[in-house]
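The exercises below ask you to read a protein chain step by step, with the sequence and the structure side by side. Try each task before you turn to its solution.

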Amino acid sequence: MKLFCLAVCTLLSLSAFAQSKARFSSHNYVGLLEGENGSSLQLQTINGVAFTSWFVGLGAGIDWYYRRSIPFFVSIDKGFLQKGKRSFYFSANAGINFPWQTDNYHNEWGYNETKSTGGLYWSAGIGYKISIGKGNDALLMQLGYDYKHVSEKVDLSYVFFPPETDPHDQFDYHLRRLSIKVGWSF
């Protein structure tokens, strides 16, 4: 909640500071995540305020890498090396990652119940922006590095013989991966 309040205050102060140059902008991405646990799809939408070479916004997405989750984050982009309608930009995102669902399953030895909890989400990257037409539309391409943390607690209950040890397993996944994203900005 503190992160959300900080993001809203930042957006309001930046829009007040920039006054007439500030405008609403939306960045929408589809991407591929590649890491130790394979490849997966990623979708993101980031909505915020753009002014001069800066963009600040709040984002959300769906991340299918290893454990499906929903990241909520604050995003900051800074453009540089602008030549005509093309420019490079740095991008940084930080926020919280929530699990999509808990998976409960039954096997031949008993019933396993899992409880997933989210954690930290952040990403950083460098992108290339190509403006299209006279409006604010642009094609975005970005190469970056992402991190998400997910915890999972598994409660094991056996049908025939109860185990002599604690029937709980705790797993912490620190998932690091490369990302390639393509998007549309308006």
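**Exercise 1. The pocket and its lining**

Task: Work out how the residues that line the largest pocket divide into nonpolar, polar and charged.

Solution. Keep in mind from the start that the model is a predicted one. Sorting the lining residues by type gives ten nonpolar, twelve polar and seven charged residues.

The next step is to place this lining in space: the largest pocket has a volume of about 460 Å³, and of the 29 residues that line the pocket, Arg23, Thr52, Ser53, Ser87 and Lys129 are the closest to its centre. Two or more lining residues come from each of the elements β1 (23-35), β2 (38-51), β3 (54-63), β4 (69-83), β5 (86-99), β8 (119-131) and β9 (138-158). The element that gives the most to the lining is β4, with six residues.

**Exercise 2. The chain as a whole**

Task: Find out how many helices and strands the chain has, and which pattern they follow along the sequence.

Solution. Counting the elements gives one helix and ten strands. Reading along the sequence, you meet them in the pattern α-β-β-β-β-β-β-β-β-β-β.

Two further values describe the chain of 186 residues, of which buried residues make up 36%. Among the contacts with a separation of 6 or more, 58% are between residues 24 or more positions apart.

**Exercise 3. Salt bridges**

Task: Locate the partners of Lys148, Arg67 and Asp146 in salt bridges, and decide for each residue whether it is buried or exposed, or something in between.

Solution. The total count is four salt bridges, and three of the pairs can be taken in turn.

1. Lys148 meets Asp63 through their side chains, at 3.6 Å from N to O. This pair links distant parts of the chain, since Lys148 belongs to strand β9 and Asp63 to strand β3, 85 residues apart. Buried means under 20% relative accessible area; Lys148 is therefore buried, because its value is 0%, and Asp63 is buried because its value is also 0%.

2. Arg67 forms a salt bridge with Glu152, and their closest N and O atoms are 3.3 Å apart. Here too distant parts of the chain are linked, with Arg67 in the loop between β3 and β4 and Glu152 in strand β9, 85 residues apart. Arg67 counts as partly exposed because its relative accessibility is 25%, whereas Glu152 counts as buried because its relative accessibility is 7%.

3. Asp146 pairs with Arg177, at 4.0 Å from N to O between the side chains. Asp146 lies in strand β9 and Arg177 in strand β10 (residues 168-185), 31 residues apart, and this pair also links distant parts of the chain. Both Asp146 and Arg177 are buried.

As a last step, look for shared partners: salt bridges that have partners in common join Asp63, Asp146, Lys148 and Arg177 into one network.

**Exercise 4. Nonpolar cores**

Task: Identify which residues form the largest nonpolar core.

Solution. This core has eight residues, namely Tyr29, Ile46, Ala50, Phe55, Phe73, Tyr89, Tyr121 and Leu140. Take Ala50 and set aside its neighbours within four places in sequence: the residues in contact with Ala50 are then Lys21, Ala22, Arg23, Ser25 and Phe55. Another core, of five residues, lies apart from the largest one, and Leu33, Val150, Tyr173 and Leu175 are among its members.

**Exercise 5. Positive phi angles and a pair in space**

Task: Examine Thr52 and Leu81, asking where each is found and what phi each has; then find how far Lys153 is from Asp169 in sequence and in space.

Solution. Thr52, which is found in the loop between β2 and β3, has a phi near 40°, a positive value in a residue other than glycine. Thr52 counts as exposed because its relative accessibility is 65%. Leu81 has its place in strand β4, and its phi is positive as well, at about 50°, although Leu81 is not a glycine. With a relative accessibility of 60%, Leu81 counts as exposed.

For the final step, go to Lys153 in strand β9, which is partly exposed because its relative accessible area is 37%. Lys153 and Asp169 are 16 residues apart in sequence, and their C-alpha atoms are 5.7 Å apart in space.

Methods:
Residues are numbered from 1 along each chain as its sequence is written. This is a predicted model: local features need pLDDT of at least 70, side-chain atom pairs count only at pLDDT 80 or more; totals for chains, interfaces and linings use all residues. Side-chain values use heavy atoms; hydrogens and water are left out. On a 1 Å grid over the protein atoms alone, a cavity is a set of points where a 1.4 Å probe fits but cannot get out, and a pocket is an open set with protein on both sides within 12 Å along at least five of seven lines; lining residues have an atom within 4 Å of a point. Grid points are joined across faces, edges and corners, and a volume is the space filled by probe spheres set on the points. Helices (H or I, at least four residues) and strands (E, at least two) are DSSP runs, numbered from the N terminus. Ala, Val, Leu, Ile, Met, Phe, Trp, Tyr, Cys and Pro count as nonpolar, Asp, Glu, Lys and Arg as charged, and the others, Gly among them, as polar. Buried means under 20% relative accessible area, exposed over 50%, partly exposed in between (1.4 Å probe, protein chains only). A nonpolar core is a set of buried Ala, Val, Leu, Ile, Met, Phe, Trp, Tyr and Cys residues joined through side-chain atoms within 4.5 Å. Contact means heavy atoms within 4.5 Å.
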